[in-house]
Amino acid sequence: MELQFFKYQGTGNDFVIIDNRQQIFPKNNTKLVAALCDRRFGIGADGLILLENDNMADFKMVYYNADGAESSMCGNGGRCLVAFAHYLGVIEKEAKFNAVDGLHHATVEGDIVNLKMIDVDKIHEKQNHSFLDTGSPHHVQMVKELEKFDVQKEGKKLRYGIYGESGSNINFVEQTNDNAFDVRTYERGVEGETFSCGTGVTAVALAMHESGKTAANEVHIHTIGGDLTISFEKKDGKYSNIFLKGPAIQVFKGTIECSV
């Protein structure tokens, strides 16, 4: 089987994206997904995304982790899929699409995609961390000297030690300004550090606001792969109108022979 694919990245969070409106992709073949995402023997990516037709929206997003398992929402992946839909001509400057966590809206301006995330009404504040769900579950923990921090070791320890097999993504944070933070993320499914995580930086922005680390309703996050902006409103203890904004860029396209 010859498969056409596109490679996109959003602040270094990279994805194999496939136009599956004709239902050509074998969706239950987790080994194929993992093989395509393999950085040594495949195309290489943090995840794989299918763009599909949807009766209620412009398109549907189906997201797989690099390990081949269908997963929860991916913010940077959603932004990249919107850019891909724009490239295909499925949308113009505005998009409405369905994902595993519900309906999303987004806008495109050049390489910048601004994606509306789901509302968040619960942030669990613990002794030394916060936990919340921004479409995917996230542990948020402040540390010192983030640049030197062993994200792989500590992230793996927390991912399995606290959250078990189902797991959580683990975000380590260092504040750099009143409304700015550096973030490094250990992602479940990838089982390692990624250059950026969209739902993760969204979780960090909300957790930092909830804990009083910032009073701003627009937060700037620096990741290894680049910069993202999260804006939001808070009313009656609930966060709404949450937007994740940043670049989403096509890296290359090609075809690959794969056995089904």
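**Exercise 1. Around asparagine 76**

*Task: Find the side chain with which the side chain of asparagine 76 makes a polar contact, then describe the surroundings of asparagine 76.*

Step 1. The side chain of asparagine 76 makes a polar contact with the side chain of asparagine 13, at 3.2 Å. Keep in mind as you work that this is a predicted model.

Step 2. Now place the residue: asparagine 76 sits in helix α2, which covers residues 75-88.

Step 3. Is asparagine 76 buried or exposed? Buried means under 20% relative accessible area. Asparagine 76 has 0% relative accessibility, so it counts as buried.

Step 4. List the contacts, leaving aside neighbours within four places in sequence. Asparagine 76 is in contact with Gly10, Thr11, Asn13, Phe15, Ser196, Cys197, Gly198, Leu228 and Leu244.

Step 5. Follow one of these contacts, Gly198. Glycine 198 belongs to helix α4 (residues 198-210). With a relative accessible area of 1%, glycine 198 is buried. Not counting residues up to four places away in sequence, glycine 198 touches Asn13, Gly75, Asn76 and Leu244.

**Exercise 2. Reading the record**

*Task: Work out which positions carry the UniProt feature "binding site", and which of this set help to line the largest cavity.*

Step 1. According to UniProt, in an unreviewed entry, the feature "binding site" is at Asn13, Asn65, Gly75, Asn76, Asn169, Glu187, Arg188, Gly198 and Thr199.

Step 2. From this set, Asn65, Asn169, Glu187, Arg188 and Thr199 are in the lining of the largest cavity.

Step 3. Take Thr199 a little further. The backbone oxygen of threonine 199 lies 2.8 Å from a polar atom of the side chain of threonine 134. Threonine 134 lies in the loop between β9 (130-133) and β10 (137-142). Its relative accessibility is 1%, so threonine 134 counts as buried. Beyond residues up to four places away in sequence, threonine 134 touches Met117, Ile118, Val120, Thr199, Thr202, Ala203 and Leu206.

Step 4. Next, look at Arg188 beside glutamate 165. Glutamate 165 and arginine 188 are 23 residues apart in sequence, and their C-alpha atoms are 9.6 Å apart in space. Glutamate 165 is in the loop between α3 and β11 (169-177). Exposed means over 50% relative accessible area, and glutamate 165, at 65% relative accessibility, counts as exposed. Leaving aside neighbours within four places in sequence, glutamate 165 is in contact with Arg159 and Tyr160.

**Exercise 3. Pairs of opposite charge**

*Task: How many salt bridges are there? Go through three of them and say where the partners lie.*

Step 1. Start with the idea: side chains of opposite charge can pair when their charged atoms come close. The count here comes to 11 salt bridges.

Step 2. Lysine 7 forms a salt bridge with aspartate 14, with the closest N and O atoms 3.4 Å apart. Lysine 7 and aspartate 14 are both buried. They also take part in a network of salt bridges that links Lys7, Asp14, Arg39 and Asp46.

Step 3. Aspartate 119 and lysine 238 meet through their side chains in a salt bridge of 3.9 Å, N to O. This pair links distant parts of the chain, 119 residues apart: aspartate 119 is in the loop between β7 (112-116) and β8 (123-125), and lysine 238 is in strand β16 (residues 238-247). Aspartate 119 has a relative accessible area of 38%, so it is partly exposed. Lysine 238 also counts as partly exposed, at 37% relative accessibility.

Step 4. Lysine 157 and glutamate 154 form a salt bridge at 3.4 Å, N to O. About one helical turn separates lysine 157 and glutamate 154, because they are three residues apart in helix α3 (residues 151-161). Lysine 157 is partly exposed at 48%, and glutamate 154 is partly exposed at 23%.

**Exercise 4. The buried side of a helix**

*Task: Which residues of helix α1 (residues 30-37) are buried, and why do they lie on the same side of α1?*

Step 1. The buried residues of helix α1 are Leu32, Val33, Leu36 and Cys37.

Step 2. These residues cover an arc of only 130° around the axis, so they are on the same side of α1.

Step 3. Finally, see what the buried residues of α1 pack against: β1 (2-10), β2 (13-19), β3 (47-52), β4 (59-65) and β17 (249-257).

Key. Residues are numbered from 1 along each chain as its sequence is written. This is a predicted model: local features need pLDDT of at least 70, side-chain atom pairs count only at pLDDT 80 or more; totals for chains, interfaces and linings use all residues. Side-chain values use heavy atoms; hydrogens and water are left out. A salt bridge is a side-chain nitrogen of Lys or Arg within 4 Å of a carboxyl oxygen of Asp or Glu. Buried means under 20% relative accessible area, exposed over 50%, partly exposed in between (1.4 Å probe, protein chains only). Helices (H or I, at least four residues) and strands (E, at least two) are DSSP runs, numbered from the N terminus. The arc is that of the directions from the helix axis to the C-beta atoms. Contact means heavy atoms within 4.5 Å. UniProt positions are given in the numbering used here, feature names are shortened, and annotations may be inferred rather than shown by experiment. On a 1 Å grid over the protein atoms alone, a cavity is a set of points where a 1.4 Å probe fits but cannot get out, and a pocket is an open set with protein on both sides within 12 Å along at least five of seven lines; lining residues have an atom within 4 Å of a point. A polar contact is a pair of N or O atoms within 3.5 Å; within protein, one must be able to donate a hydrogen and the other to accept it, and residues adjacent in sequence count only if both atoms are side-chain atoms.
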